[in-house]
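Hi,

Here is the structure I promised to pass on. Have a look at it first, and then read my notes below.

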Amino acid sequence: MFKTKILFTGPSECGKTVLANFLSDTTENIGGEYRPTQGIRILEFESQTEGSGNKTVCEVELWDCSGDFKFESCWPAVMKDSSGVVIVFNPDVPSHLKEIETWYSMFISAQGLQDNQCLLIAHRKPGSAAEDRRLQLASHLGRVPLIHSNLEEEPEDLRQSFTRYLGNVVNTVAERREREEMSIIT
């Protein structure tokens, strides 16, 4: 079984933990008051991935990273051996649109990940009346897949999009491993 490590990053209070719990089928204090993640939470689950026309079962380690910069010194260790990065942000908070550039630089550019190993999730919190609109993202972020998330209205759309993303990550990592093995042989 293929094992993959996915980092959930992004600004504080954007909904990373809620999304991580939903995607891993973990229930932990649904509703209630906000409690920021301290450092990191690691959720492990199995998922069927979709990609290249075939479905495979994948063991997922989803690392729910705190958005607090006081944990920045730990991030290089957290990034080690990661297969993909998901940047979650709240499109209703104007500062988040600027902050995702920092997250991209720190977690994606620094690791040399390909665009298909990355995902942007514009997550709207419950009760948000805002409409999904075209977001003004930096040009380099335009190449990264973007999905809109609203767990009140379309939760299964998010799950399907994440499953497709996992398939892309698994395929990319498998192809890279195969190239590395072939370079050793030749």
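The buried residues of helix α3 are covered by, among others, β1 (2-9), α2 (75-79), β4 (84-89) and β5 (118-123). Bear in mind throughout that this is a predicted model. Which residues of α3 are buried? They are H96, L97, I100, W103, Y104, M106, F107 and I108.

I also checked the length of that helix. α3 runs over residues 94-108, so its 15 residues should span 21 Å at 1.5 Å a residue. The C-alpha atoms at its ends are 22 Å apart, which agrees.

Now for the strands that help to cover α3. Take β4 to begin with: six of its six residues are buried. In a regular strand, side chains alternate between the two faces of the sheet. With that in mind, look at β4 from both sides. G84, V86 and V88 are buried on one side, and V85, I87 and F89 are buried on the other, so both faces of this strand are covered.

What does β4 pair with? One partner is β1, in the parallel sense and over four bridges. If you want a spot to zoom in on, L7 has V85 of β4 as its bridge partner. β1 is mostly covered too, with seven of its eight residues buried. β4 also pairs with β5, again in the parallel sense, over five bridges. Here you can look for V86, whose bridge partner in β5 is L119.

The last thing to look at is a pair of helices. Helix α1 (residues 16-23) packs against helix α4 (residues 155-185) at an angle of about 80°, and their axes are 11 Å apart. That angle makes α1 roughly perpendicular to α4. Which residues meet there? From α1 there are L19, F22 and L23, and from α4 there are P155, E156, L158, R159 and F162. Sorted by type, the residues of this contact are six nonpolar, no polar and two charged.

If you only have a minute, start with β4: β1 and β5 each pair with it in the parallel sense, and both of its faces are covered. Then turn to α1 and α4.

Cheers

Methods: Residues numbered from 1 in each chain as written. Predicted model: local features only at pLDDT ≥ 70, side-chain atom pairs only at ≥ 80, totals over all residues. Heavy atoms only, no water. Helix = DSSP H or I, 4+ residues; strand = E, 2+ residues; numbered from the N terminus. Expected span 1.5 Å × (residues − 1). Buried < 20%, exposed > 50% of the residue type's maximum accessible area, 1.4 Å probe, protein only. Contact = heavy atoms within 4.5 Å. Axes fitted to C-alpha atoms, helices over the stretch in contact; angles between N-to-C directions. Parallel < 35°, antiparallel > 145°, perpendicular 65-115°, else oblique. Nonpolar A, V, L, I, M, F, W, Y, C, P; charged D, E, K, R; others polar. Pairing = 2+ DSSP bridges.
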